[in-house]
Structure formats: structure tokens, C-alpha cells
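Me: Hello! I have just opened a structure that is new to me, and I would like to learn how to read it. Could we go through it together?

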Amino acid sequence: MQFLLDLIICVSVLTWLAEITSASNEYTGQRIIGGDVARSGQFPFMAALTVETEDSTYFCGGALITNQWILTSGHCVYKAVTITVRLGSIKLEGSDTSVITVASSHAVPHPEFNPDTIENDIGLLKLRLPVQLTTYIQPVNLATVNLPASAAPVAIGWGQTKDDDPELAPELNFVKLVVISNDECRLTYGNQITDTMVCAAGNYNEGSCIGDGGGPLIVTMIGGQFIQHVGVSSFYSGNGCESTDPSGYTRTYPYVDWIKNVTSGG
């Protein structure tokens with residue numbers, strides 16, 4: 001009986017890997033920098049974060065993972081004093097019947113987050129009150145296995161659309177990427193790339209930019225019916241967002257137990 005159970009689990013995982021490797025045909029955008037604008041309700045878990053510290057204000061992305069918790073990067077919540085969260089809209093500003101703006105209760109960067117090396121660059125944000133889920137506000141599923149090198153994930157964000165334009169994108173953008181091996185990524189970034197990081201690149205210069213930090217990297221099952229959160233936008237090349245260097249993400253899967261422990265404890 002145990003052998004049969006193990007076999008079923010193994011087949012399920014292999015099926016999941018095969019599905020995310022083939023990827024979804026739904027995402028055909030070119031890049032977040034000059035990429036495609038999302039449809040309203042296409043990514044209902046997406047959160048826009050305005051972060052205030054004692055001496056600065058900046059913008060990050062995040063993903064709703066329960067009706068009261070946001071998953072983002074460690075560098076987005078590190079030393080944060082207040083964080084305002086916008087949910088339910090692809091637009092950063094303006095009126096929208098589906099949008100809500102909520103305040104945070106407290107932020108939880110990973111206890112081993114290192115702002116110098118960007119190791120363990122993952123964090124959680126608790127909302128003051130649970131949000132009401134709608135067609136436009138829905139949590140995303142956490143990764144159930146580690147992201148394979150053959151996957152074709154999608155990055156999402158409101159970050160800059162050009163290196164020479166500091167403005168955030170007014171509407172949510174997305175781009176289909178390809179995972180590259182950590183050994184290949186070390187050719188660009190050196191030994192700072194650890195096993196809990198993953199790098200992704202496009203055919204040309206696709207990728208994340210300033211303002212995309214904390215946003216999710218996702219994979220979608222065949223048919224686009226089941227999305228999994230597999231990475232958190234962490235870093236991009238010092239050569240510029242429009243360079244051909246890959247973007248860097250924190251893998252979600254190694255932190256799933258930590259995420260569940262924090263969110264279940266209130």
C-alpha cells in the first residue's frame with residue numbers, strides 16, 4: 001500500500017512538471033519592459049505595494065496568498081514602517097469598481113534575509129483585516145515542487161518599461177520567460193547565485209525592472225486553469241533592465257513551510 005501511495009505521488013509530480021514545462025499558450029507577451037498589458041482580472045492575486053520607511057518611499061509588487069496575507073520580497077518589507085496595498089485592478093491609479101486599498105498590519109521579512117547578498121529575499125505582509133474575495137481579488141496557489149530548469153514561467157509587474165524612463169507602468173504588464181540553470185546564471189552574477197534563487201531570461205532583453213521587485217513569477221497548467229506561485233522577483237542586472245542579462249528570483253518552494261508557519265500563526 002505504501003509503495004502504491006508513493007507511486008501515485010510520483011506520477012502526480014511528474015505530470016505537474018510536464019504541464020509547466022510545456023507552459024501555457026495564453027501568455028505571448030514580449031516583456032514587462034515594453035511588454036503586454038494584462039486583461040482585467042487576468043491575475044487577480046496581484047498586489048501593488050507602496051512602502052514607506054523612515055527615510056524613503058518606494059514601490060513593490062506582491063501576491064495575495066490568503067485573504068489576509070501578501071507574499072513579496074524581503075527587500076520590499078525590510079525596515080518598512082507602513083505599507084499600503086492596492087488590490088483588484090490592473091491600474092495603479094484612478095477609479096475602478098473592483099479596486100480596494102487596504103492598510104498593512106505588520107511585515108515579516110525572512111529571518112535570514114541578507115540585504116547585502118540578497119539571500120533569502122522573501123517576505124510576508126499581513127493586512128489589517130481579511131479582504132473579501134471577488135472575481136478580481138483571489139489568492140494564488142503556492143508552488144508544490146521546485147521549479148524545474150525546463151519551465152517557461154511568466155513574470156508580472158508595474159515596473160519601469162524602459163531604462164531611461166523612471167515612471168512605473170500605469171497598467172499591469174506580463175512577460176513569458178525561460179528558466180536558465182544556476183550554473184549559467186553564475187556566468188553573469190558569480191557565486192552570489194544560491195540554490196534558493198532562480199534566474200530567468202527572454203529571447204532578447206525581456207525581464208523585470210525597477211518597481212517589479214516582490215512581484216510573482218508564476219507557471220500555469222495546461223488550459224490556464226491552475227496557477228502556481230514559483231518565484232519572487234528579487235534582482236536585475238546592473239547593466240540595465242534592457243540588457244540581455246537574466247533577471248533573478250527567489251524560489252518559492254524552499255520557503256513554503258516557513259510561509260505556512262507564519263501565516264497560520266496569525
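Me: Let me start with a helix. Which residues of helix α4 (residues 256-264) are buried?

Reply: Happy to help! Keep in mind that this is a predicted model. In α4, the buried residues are Val256, Trp258, Ile259, Val262 and Thr263.

Me: Why do the buried residues of α4 line one face of the helix?

Reply: First, the general idea. An α-helix has 3.6 residues a turn, so residues three or four places apart point the same way. Now the case here: looking down the axis of α4, you find its buried residues within an arc of 160°, so they line one face of the helix. Exposed residues sit on the other side of α4, namely Asp257, Asn261 and Ser264.

Me: What covers the buried residues of α4?

Reply: The cover includes strands β4 (69-72), β6 (100-109), β7 (123-127) and β8 (141-142). The helix α4 lies across β4, β6 and β7, and it runs at about 25° to β7.

Me: Now the strands. Which strands close into a barrel, and in what order?

Reply: In general, strands of a sheet pair through backbone hydrogen bonds, either parallel or antiparallel. In this model, 6 strands close into a barrel, in the order β2-β3-β4-β7-β6-β5, with antiparallel pairing. On average, neighbouring strands of this sheet are turned by 40° against each other, direction ignored. To see one pairing up close, take β3 (residues 57-64) and β4, which are antiparallel and share 2 bridges. Leu64 has Ile70 of β4 as its bridge partner.

Me: How many residues of strand β17 (residues 247-251) are buried?

Reply: For β17 the count is 5 of 5, so the strand is largely enclosed by the rest of the structure. It pairs with β14 (residues 197-201) in the antiparallel sense, through 4 bridges. There, Cys199 has Gly248 of β17 as its bridge partner. Strand β16 (residues 227-235) is also antiparallel to β17 and is joined to it by 4 bridges. In that pairing, Tyr249 of β17 stands opposite Ser233.

Me: Let me step back to the whole chain. How many helices and strands does the protein chain have?

Reply: There are 4 helices and 17 strands. The protein chain has 266 residues, and 52% of them count as buried. As for contacts with a separation of 6 or more, 68% are between residues 24 or more positions apart. Finally, the accessible surface is about 12,300 Å², and carbon and sulfur atoms account for 51% of that.

Terms used
Residues are numbered from 1 along each chain as its sequence is written. This is a predicted model: local features need pLDDT of at least 70, side-chain atom pairs count only at pLDDT 80 or more; totals for chains, interfaces and linings use all residues. Side-chain values use heavy atoms; hydrogens and water are left out. Buried means under 20% relative accessible area, exposed over 50%, partly exposed in between (1.4 Å probe, protein chains only). The arc is that of the directions from the helix axis to the C-beta atoms. Contact means heavy atoms within 4.5 Å. Accessible areas come from the Shrake-Rupley method with a 1.4 Å probe; for residues, only the protein chains shown count as cover. Two strands pair if DSSP finds at least two bridges between them. Axes are lines fitted to C-alpha atoms, for helices over the stretch in contact, and angles run from 0 to 180 degrees between N-to-C directions.
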